[in-house]
Amino acid sequence: MIEARNITRTYTGRGAFTGTRTVHALRGVDFTLPRGGAVSFIGESGCGKTTLGKILTGLESFDGGELLVDGTDLSKLSARRRAPYFRRIQLIHQDPYSALNPTRDVGQILGDPLRMRARETGATRTQQRERAAELLELVGLRPGTLAKYPHQLSGGQRQRVVIARALTVDPEALVADESVSMIDVSMRLGVLSLLRDLRERLGISLLFITHDVATARYLGEGGELHVIYRGQVIERGPTDSVVQQPVHPYTQCLLSAVPVLRGLEEPGPDRLVPLAALDERVATPGCLFAPRCPFATDGCADGRPGLTALPADGAHRHACLHPRARRVVATEAAAVH
Amino acid sequence: MTDPTPHHDGAATAGARPAEVAIRDLTVVYRTEHGDLPAVSHASLELRAGEITGLVGESGSGKSTLALSLLNAVPAPGRITSGSVEVAGVGDVTRLTGRRLRRARGGALGYVFQASQNSLNPLKTVGKQLLDLGRSHEVEDLRALVRRARELCERMGLDADRVLDSYQHELSGGMRQRVGIVLALVLNAEVLVLDEPTTALDMISQAAVLDIVRSVHRENGLATLVVTHDMGVVSEIADRLAVMYGGRIVEHGPAGELLRRPSHPYTRALIGATARIVGDTRLARALPGQPPDLTTLARRGCVFRDRCPLAMPVCEESDPALSEWTPGRFRACHADPVGRAPAPAAVPAPRAQDDPTGGRP
Ligand SMILES: Nc1ncnc2c1ncn2[C@@H]1O[C@H](COP(=O)(O)OP(=O)(O)O)[C@@H](O)[C@H]1O
Ligand SMILES: Nc1ncnc2c1ncn2[C@@H]1O[C@H](COP(=O)(O)OP(=O)(O)O)[C@@H](O)[C@H]1O
Ligand code: SF4
Ligand SMILES: [Mg+2]
Ligand SMILES: [Mg+2]
């Protein structure tokens with residue numbers, strides 16, 4: 001089990017033109033990822049999603065809060081003592097094109113980490129080879145793929161190789177950061193259902209990070225969905241409840257942005273107009289979303305709302321002064337024959 | 001959105017308008033080590049003023065090659081081997097050369113290239129690139145050109161002063177895409193071609209860019225072609241859809257009807273593979289197999305047969321012609337048009353075949 005408590009991360013950058021500027025990439029993120037569970041984070045570019053994924057996999061430090069793996073607080077450990085914990089949490093990158101070394105075939109790509117892992121498990125050469133074949137099958141690739149180089153594979157196949165490589169070290173959790181956004185739409189569902197399978201059949205927990213609500217819905221079914229805006233979680237709850245009954249205007253804007261499949265779906269009657277571009281430099285003491293919010297009132301600029309439970313559903317929480325249900329999500333059109 | 005309802009009914013009335021662009025029987029080949037192989041085969045498509053046409057298909061279907069033919073700009077080792085592209089007021093673009101061709105590009109035909117987020121010159125400000133564009137098109141009144149660019153920027157929600165003084169790296173992906181549209185339209189193009197305009201953007205920027213495309217299209221009465229692998233994107237804004245696979249247009253017709261009642265098995269599969277926010281997630285599935293490339297493309301019979309749930313012996317033998325099966329709707333398939341087969345979502349596909357290596361011997 002992985003628990004994050006009030007994780008914060010601030011970057012202080014010095015731009016040539018902009019002078020010193022501080023970016024609050026994460027402003028106190030909390031979640032619990034149980035064994036075999038799923039937690040998704042959605043939000044547009046620049047909201048802190050990748051930073052969170054890197055922190056969870058040990059690729060980035062954090063400056064406040066606690067990260068607990070099976071009850072052990074990693075922030076209290078030395079880097080060397082932390083390493084074995086991070087082995088258990090593997091990152092699947094966004095870009096399957098740059099994630100694989102083009103000069104090595106798939107057999108080598110899987111063989112290297114398997115050999116490293118064997119130092120701990122004592123697996124023999126034969127067992128390592130068997131494991132490589134097993135992993136390929138698990139991710140839906142043919143045995144012949146072992147002899148292929150990355151350039152001979154499609155985006156979807158490469159992403160499967162990346163997943164197989166992450167599995168070589170027997171992780172308990174996968175962090176998938178925009179793992180399907182760079183591959184063709186036609187192949188995305190294949191990779192998503194593979195990840196879903198790994199969770200359902202092997203009990204691997206999944207932290208899924210994306211800007212695309214529809215894909216989060218596929219992976220996050222039965223799990224928890226967090227909507228993150230400029231480093232703050234502004235709405236969270238059971239995936240279905242947040243997708244079907246969002247109450248925060250930002251969540252409603254994200255859902256309104258999902259294309260409607262005309263003919264098959266009817267746009268929601270309260271669908272919102274697209275938002276203007278995000279400007280992270282706007283500072284506000286009030287609600288972070290207020291400068292772009294279509295429903296902001298004067299009060300919104302004064303104090304920053306924290307997460308509050310909905311009276312009807314204690315597990316569904318939001319950070320808005322004026323939460324309101326709006327029918328922004330498309331509905332299925334009446335069946336045609 | 002300004003008005004999220006596209007003019008699907010517009011298709012019927014637009015029939016009366018002359019085509020702004022008429023692509024006829026176009027074939028484009030690339031020279032490879034296996035000889036000349038067609039990336040576009042005998043494609044015909046018309047773009048009409050006031051209509052957004054969506055060209056959709058998986059990567060490698062030949063969409064960009066077809067779109068580049070509108071500018072007669074297929075890069076070597078590619079070459080147009082048959083057919084014509086008639087553009088109103090310009091003539092057959094495939095026969096233009098030199099100065100007349102350069103004038104048509106960016107003049108009558110505005111084009112926003114695939115990955116145009118990265119296609120601005122990194123060393124010049126947007127304003128400088130605008131002036132270069134004007135000079136290369138022998139625009140006399142550069143001030144008027146800048147004025148028009150400012151207007152377009154403003155209409156797209158861009159701060160014109162800031163944008164014209166910016167270098168590419170100072171703009172976000174969504175802003176660069178908008179700048180691409182400004183540059184494509186600043187010379188008063190009547191035809192606008194956008195190749196994968198939202199592919200690298202997040203959902204919010206995507207919705208904003210689509211909204212802008214829709215409104216400039218309407219305000220300027222353009223003939224617009226949107227090329228994408230994403231069914232959601234075309235279904236959001238297109239009036240007509242053309243579905244492309246293996247270099248062929250396999251189905252086309254009014255967007256709403258085509259989505260509601262897809263007739264080609266490939267169209268059905270593409271729709272069934274789209275992640276949605278409504279409906280049962282367990283019914284949707286990825287397309288089985290891999291899209292073909294030039295070397296694995298079937299030379300005989302239907303290009304889609306290896307991945308088709310309805311394939312029959314005749315599909316091995318003969319290449320189905322694109323024909324009108326009901327008024328205004330075209331398809332290239334031997335199977336029954338209304339498809340007695342189950343809806344795509346219900347076609348069972350074994351898991352391991354979702355993405356098998358090679359897909360073919
Ligand atoms: N190494 C870094 N130095 C400075 N700022 C950074 C760094 N990494 C990320 N940021 C900033 O932190 C914010 C969140 O970034 P990121 O986590 O990449 O967001 P997302 O993945 O949601 O797009 C952004 O404003 C980004 O510019
Ligand atoms: N310069 C080129 N040389 C050889 N083959 C090419 C070249 N450009 C594209 N192709 C091939 O032509 C086919 C169609 O490509 P393209 O038009 O880019 O398709 P799409 O835009 O639908 O992804 C693909 O199989 C691609 O590999
Ligand atoms: S608190 Fe106010 S500004 Fe923030 S989202 Fe709610 S209504 Fe909008
Ligand atoms: Mg990111
Ligand atoms: Mg393309």
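A polar contact here is a pair of N or O atoms within 3.5 Å. The model is predicted, and the tour starts at the ligand.

Select ligand 1 and A:Gly48. A polar backbone atom of A:Gly48 is 3.0 Å from an oxygen atom of ligand 1. Add A:Lys49, where a polar side-chain atom lies 2.8 Å from an oxygen atom of the ligand. Then add A:Thr51: an N or O atom in its side chain is 2.5 Å from an oxygen atom of ligand 1.

Next, show the surface around the ligand. On its own, ligand 1 has 560 Å² of accessible area, and the protein covers 65% of it. Two elements of chain A, β2 (19-33) and α1 (49-56), give two or more residues each to the shell. The largest share, 3 residues, comes from α1(A). Other parts of the surroundings to select include A:Tyr11, A:Glu44 and A:Glu280. By type, the shell holds 4 nonpolar, 5 polar and 3 charged residues.

Now move to the interface of the two chains. Here 55 residues of chain B are in contact with 65 residues of chain A. About 5000 Å² is buried between the chains, with carbon and sulfur atoms giving 56% of that area.

Select B:Arg282 and A:Glu200, whose side chains form a salt bridge at 3.0 Å, N to O. Across the interface there are 5 salt bridges and 17 residue pairs in polar contact, both residues at pLDDT 80 or more.

Finally, colour α8 (203-220), α9 (231-237), α10 (255-260) and α11 (265-272) of chain B; each supplies at least two residues to the side that touches chain A. The most, 6 residues, come from α8(B). That side of chain B divides into 23 nonpolar, 17 polar and 15 charged residues.

Definitions and conventions
Residues are numbered from 1 along each chain as its sequence is written. Chains are lettered from A and ligands numbered from 1 in the order in which they are written. This is a predicted model: local features need pLDDT of at least 70, side-chain atom pairs count only at pLDDT 80 or more; totals for chains, interfaces and linings use all residues. Side-chain values use heavy atoms; hydrogens and water are left out. Contact means heavy atoms within 4.5 Å. Buried area is the accessible area (1.4 Å probe) that two parts lose on being put together, summed over both. A salt bridge is a side-chain nitrogen of Lys or Arg within 4 Å of a carboxyl oxygen of Asp or Glu. A polar contact is a pair of N or O atoms within 3.5 Å; within protein, one must be able to donate a hydrogen and the other to accept it, and residues adjacent in sequence count only if both atoms are side-chain atoms. Helices (H or I, at least four residues) and strands (E, at least two) are DSSP runs, numbered from the N terminus. Ala, Val, Leu, Ile, Met, Phe, Trp, Tyr, Cys and Pro count as nonpolar, Asp, Glu, Lys and Arg as charged, and the others, Gly among them, as polar. A residue is near a molecule or strand if one of its heavy atoms lies within 4 Å of it. Accessible areas come from the Shrake-Rupley method with a 1.4 Å probe; for residues, only the protein chains shown count as cover.
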